[in-house]
Amino acid sequence: MSGEVDLEELRAPSATNSERVRGLYALGLPPKLVAEATGSTVSTLRNWSSGATQPRGDAAITLDDLRMVAKLLLDHGVEPERAARWTTSPDPAGFEGRRPIDPITDDPMAAMAAADRKSKRLNPSHITISN
């Protein structure tokens with residue numbers, strides 16, 4: 001496997017933890033913020049991204065929640081750089097001044113719902129209606 005992770009791998013529910021970490025980096029999320037969100041260290045993330053160790057418990061769940069937020073944005077056509085910027089920038093309206101990445105451990109559904117709303121506002125042509 002090459003060192004470059006395709007963002008399509010990040011979107012896949014079957015993505016390995018290694019692919020998820022590297023995909024979040026490829027999206028443009030800073031390692032320090034991913035580490036803070038998962039309650040780990042940048043060194044631990046390096047181990048996860050290399051496959052040397054695996055996240056456990058809440059860290060694994062949070063990693064997948066971050067993947068889902070990214071997936072929602074990317075699936076609606078939001079460019080990776082813009083998705084990363086939204087995820088890591090303070091949002092006074094949606095999160096009382098906090099960044100969308102901040103509540104990911106406490107209220108992941110709020111972060112996912114906000115990502116879905118934001119992506120539809122940024123790229124309304126990708127809205128699909130399902131029965």
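Contact here means heavy atoms within 4.5 Å. Helices are DSSP runs of H or I with at least four residues, numbered from the N terminus. The structure is a predicted model, in which local features need pLDDT of at least 70 and side-chain atom pairs count only at pLDDT 80 or more, while totals for chains, interfaces and linings use all residues. Residues are numbered from 1 along each chain as its sequence is written, and side-chain values use heavy atoms, with hydrogens and water left out.

A good place to begin is helix H3. Leu33, Val34, Ala35, Ala37 and Thr38 of H3 are buried, a word that stands for under 20% relative accessible area, with a 1.4 Å probe and protein chains only. These buried residues of H3 pack against helix H2 (17-27), H4, H5 and H6. Following H3 comes glycine 39, with a positive phi near 70 degrees.

Two of these partners can be described further. Helix H3 (residues 31-38) packs with helix H4 (residues 42-50) at an angle of about 95 degrees, and their axes are 9 Å apart. H3 is therefore roughly perpendicular to H4, a label for angles of 65 to 115 degrees. Axes are lines fitted to C-alpha atoms, for helices over the stretch in contact, and angles run from 0 to 180 degrees between N-to-C directions. On the H3 side, Pro31, Lys32, Val34, Ala35 and Thr38 make the contact, and on the H4 side Val42, Leu45 and Trp48 do so. Six of the residues in this contact are nonpolar, one is polar and one is charged. Ala, Val, Leu, Ile, Met, Phe, Trp, Tyr, Cys and Pro count as nonpolar, Asp, Glu, Lys and Arg as charged, and the others, Gly among them, as polar.

With H5, the angle of H3 is about 130 degrees and the axes are 8 Å apart. H3 and H5 are therefore oblique to each other; angles under 35 degrees count as roughly parallel, over 145 as roughly antiparallel, and those left outside these and the perpendicular range as oblique. Here Val34, Ala37 and Thr38 of H3 meet Ala59, Thr62, Leu63 and Leu66 of H5. This contact has five nonpolar, two polar and no charged residues.

Another residue to look up is threonine 87, in helix H6 (residues 80-88). Threonine 87 counts as buried because its relative accessibility is 5%. Leaving out residues up to four places away in sequence, threonine 87 touches Leu29, Val69, Leu73, Arg99, Pro100 and Ile101. Leucine 29 is 58 residues from threonine 87 along the chain, yet their C-alpha atoms are separated by 8.0 Å.

Key: Helices (H or I, at least four residues) and strands (E, at least two) are DSSP runs, numbered from the N terminus. Buried means under 20% relative accessible area, exposed over 50%, partly exposed in between (1.4 Å probe, protein chains only).
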